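Let's practise reading a protein model together. Below you will find a sequence and a structure, followed by some exercises with worked solutions.

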Amino acid sequence: RVNPSATIHAFEPNPIIFKLLVRKFTFAKVKLNNCAISDSIEKKIFYENIFNLTSSKLPIAFISPLSI
């Protein structure tokens, strides 16, 4: 353990993945945020891969857009 008193902050914009994280990390030292982070304030399209649990800000073939 590097620092047992540290708090981990996780950011996940995909609501399905976020729900999985909520179930997995039930202890107080992990703070989960259902959002994406950026260096600018603007609305973006986030592309959700419908075949596996990967997603991207970049368009990829066979994915559906998820507006965040």
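**Exercise 1.** Find P4 and decide whether P4 is buried or exposed.

*Solution.* Start with the accessibility: P4 has 54% relative accessibility and therefore counts as exposed. Here buried means under 20% relative accessible area, exposed means over 50%, and partly exposed lies in between (1.4 Å probe, protein chains only). Next, locate the residue: P4 sits in the segment before strand 1. Finally, look across the chain: P4 and K29 are 25 residues apart along the chain, and their C-alpha atoms are separated by 9.1 Å.

Before going on, two notes on how to read these exercises. This is a predicted model, in which local features need pLDDT of at least 70 and side-chain atom pairs count only at pLDDT 80 or more, while totals for chains, interfaces and linings use all residues. Residues are numbered from 1 along each chain as its sequence is written, and side-chain values use heavy atoms, with hydrogens and water left out.

**Exercise 2.** List the helices and strands of the protein chain in order.

*Solution.* Count the elements to begin with: the protein chain has 1 helix and 5 strands. Helices (H or I, at least four residues) and strands (E, at least two) are DSSP runs, numbered from the N terminus. Then read them from the N terminus on, which gives β-α-β-β-β-β.

**Exercise 3.** Work out how strand 1 and strand 2 are joined.

*Solution.* Strand 2 covers residues 30–33, runs parallel to strand 1 and is joined to strand 1 by 4 bridges. Two strands pair if DSSP finds at least two bridges between them. On the way from strand 1 to strand 2 the chain passes through helix 1, and this β-α-β crossover is right-handed. Right-handed means that, with the strands pointing away from the viewer, the path from the first strand over the helix to the second runs clockwise. Now pick out individual partners: A10 has L32 as its bridge partner in strand 2, and F11 stands opposite N33.

**Exercise 4.** Describe the surroundings of K29 and N33.

*Solution.* Take K29 first, which lies in the loop between helix 1 and strand 2. K29 has a relative accessible area of 39%, so K29 is partly exposed. Leaving out residues up to four places away in sequence, K29 touches P4, S5, A6, T7 and I8; contact means heavy atoms within 4.5 Å. K29 is also 20 residues from H9 in sequence, with 8.5 Å between their C-alpha atoms.

Move on to N33, in strand 2. N33 counts as partly exposed because its relative accessibility is 24%. Its contacts, again not counting residues up to four places away in sequence, are H9, A10, F11, E12 and F18. The C-alpha atoms of N33 and A10 are separated by 6.0 Å, although these positions lie 23 residues apart along the chain as a sequence separation.

**Exercise 5.** Which side chain of opposite charge is nearest to E12, and how far away is it?

*Solution.* Place E12 in the loop between strand 1 (8–11) and helix 1 (15–24). Then check the charges: Lys and Arg count as positive and Asp and Glu as negative, while His and the chain ends are not counted. The nearest side chain of opposite charge is K19, 13 Å away. E12 is buried yet has no salt bridge, that is, no side-chain nitrogen of Lys or Arg within 4 Å of a carboxyl oxygen of Asp or Glu. Among the residues that E12 touches are I17, F18 and L21.

**Exercise 6.** Decide whether E48 is buried or exposed.

*Solution.* E48 is found in strand 3 (residues 45–49). With 17% relative accessibility, E48 counts as buried.
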